[in-house]
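Subject: Structure handover

Hello,

Here is the structure for you to open alongside this note. My findings follow below it.

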Amino acid sequence: SLNDEQQRRIEENRRKAVERQRAKRGLPTEEPAREPASEPAAALTNVASPVKPVGLREVAIQNAVTPEKVVLPPQERRQSPAPMNHGDNGVPAAGSLRGKGKYMNLDCGPWGQYHGLYCARLRQLGPVAIREAKDLWGGMVQPQGFLADLTGYRKSLECGDVVVVGTLYKELKARPSVIDQYKDVNVVGSLGEGTASEAAERLCSDDDILWLEDAQMRVQLISTPHQTSNLVTGIVAAVRGTATSDGKFTVKALCFGTAQCPPSLPSGVAEANGAAGPSLALMSGLAFGREVENPRLAAFRSRAIDFLLGGNDAMPHRAVQHLIICGGTLAAGLKGACLNQALKEADESLAKLASTLRVDLMPGRGEPTSLSLPQLPLHPHLFRHVRDCKDFRSFGNPYDSQVQGVSVLGHSGQPVEDILRCTNIRSPVHALATCLEASHLAPTAPDTLPTQPFVDTDPFVMDARPHVLFSGCHDRPEHEWHASAKGPGGTIVVAVPEFHQYPAVVLVNLRNPRQVQVHVFGEEADTANSLDAQEKAVAGKGEPESSIP
């Protein structure tokens, strides 16, 4: 039996548990005191029950009237725009609002850990990387030297060079602590989206360390400073080398999994280099709402719109038939009346463009949509006029579509910006070329770039190289031609400038994507001809040297 002290403690614990439950339900922690009985229960047994006021109760029941139910008027439910109805030629039907592509209807399931995403990436790109390694080093490495996983990498101590495949992890010594970042957040929840200046903060240093890991283990790589500084976390690579006595792995060479060559252009599309044809226009960073900081921005936009609509004598009528706005349509940080005014101005300009040519709109950093990649499309109901145009489509970020038989793939710049801050690569087009070589659109996601925790597949893996690969919202326009190593054709890699910083439009010839022109509408317009000449000269060159030996 329990003594008095034990019973007292049990009662005390029971009382505290009841108080905690009541506090969770929002009830007072203490129950209201009950009125003490006037007489003991034993004494009440001998007392006759009082006469109940039956008559008063019946009168109250007769006078009570049940209130009539008030029928509320039917409420109109807001419905999301219906999905697009595409024809056989990929052209959206009238009234379509949302674009179609690989990144439009992704479902990651319940949010959890990112281990499954890295495993899926290795499953997709690992076999491709080992095939590439056998093509390159089949005569240098014995067949048993191509290992299935990292566990046998020490075999190189006995049989010479081996090839291992895994996912690169770059240990960034200058990376701020996540715990310290959460200390500075006053609101309970996740960290908000960083500003453009925070996104450009350098994380790369000379003390960084490269690791190679798979589902079994990880091993530290001994690589050259150039290799370490130009590689990023998330790239699936095949590494040739030897193990060291202290358990590390010396890198002699590495390669990535090369995606399939771009499909051949449809018959009648591909023509000679000098042939003129319909063009794809690329713009970004229109920054509606930023006119206070840059009063001439509205005039530059007006010139660009007139040019795209064929109001310039230098361009043939209907030369531009498709426009992709790859992020930055609205200035960052707008709220209230300023945001409403910016949406109105953007709506009017987009409606003017969509009345003549097809317009695909993508979201970017700081715009009213989801934070993590893939970003959801900007809701068409934000734009009252252009949403009624049959040639307007709101796409997500990244963008994946066919334009008159030309495969176009790209994003609004966040993956390239993240690569630039994690490496010593200075040129956006070189960072984008690294993604093309690695067959992955956003290799640093989810390590330093927010994304969803996909499990079964990695949607950013490139199954095939596109004809056009672009990245928006950069300081200056750049482009490079990358010829296919295993077939005809190639990919034009384009960095699209932010219009409010560098007011220009990039045109890609849909009959010959290798031909690119840049038309400038700001103060640099006087030198546009010389710039076009330089751009054409660059476009005429072959595949540039890889930034990663």
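Where is the place of proline 398? It is in the loop between β9 (392-394) and β10 (399-403). Helices (H or I, at least four residues) and strands (E, at least two) are DSSP runs, numbered from the N terminus.

Some ground rules before the rest. This is a predicted model: local features need pLDDT of at least 70, side-chain atom pairs count only at pLDDT 80 or more, and totals for chains, interfaces and linings use all residues. Residues are numbered from 1 along each chain as its sequence is written, and side-chain values use heavy atoms, with hydrogens and water left out.

Cis peptide bonds

Most residues other than glycine have a negative phi, and most peptide bonds are trans. Proline 398 is joined to asparagine 397 by a cis peptide bond, with omega about 15°. The bond from alanine 445 to proline 446 is cis too, with omega near 10°. Proline 446 sits in the loop between α12 (428-438) and β12.

The barrel

Look for 5 strands that close into a barrel. Their order is β1-β2-β3-β5-β4, and the pairing is mixed. On average, neighbouring strands of this sheet are turned by 55° against each other, direction ignored. Helix α4 (residues 115-137) packs on the sheet and touches β1, β4 (236-243) and β5 (249-256). Its direction makes about 135° with that of β1. Axes are lines fitted to C-alpha atoms, for helices over the stretch in contact, and angles run from 0 to 180 degrees between N-to-C directions. Contact means heavy atoms within 4.5 Å.

Strands β1 (residues 162-171) and β2 (residues 209-213) run antiparallel, joined by 5 bridges. Two strands pair if DSSP finds at least two bridges between them. Threonine 167 of the first pair faces its partner directly: it stands opposite glutamate 213 in β2.

Strand β12

Strand β12 (residues 468-474) is largely enclosed by the rest of the structure, because 7 of its 7 residues are buried. Buried means under 20% relative accessible area, exposed over 50%, partly exposed in between (1.4 Å probe, protein chains only). β12 pairs in the parallel sense with strand β11 (residues 406-411) over 4 bridges. It also pairs in the parallel sense with strand β14 (residues 490-497), over 5 bridges. Phenylalanine 470 stands opposite glycine 410 and opposite valine 494 in β14. Cysteine 473 is in β12. Its phi is near 65°, a positive value in a residue other than glycine.

Two arginines in α9

Arginine 301 lies in helix α9 (residues 297-308). It counts as buried, at 6% relative accessibility. Its side chain reaches the backbone oxygen of alanine 287 at 3.5 Å. That is a polar contact (a pair of N or O atoms within 3.5 Å; within protein, one must be able to donate a hydrogen and the other to accept it, and residues adjacent in sequence count only if both atoms are side-chain atoms). Alanine 287 is itself buried, at 2%, and has a positive phi near 55°.

Arginine 303 is in α9 as well, but is partly exposed at 43%. A polar atom of its side chain lies 2.8 Å from the backbone oxygen of phenylalanine 521. These two residues are 218 apart in sequence and 6.5 Å apart in space, C-alpha to C-alpha.

Best wishes
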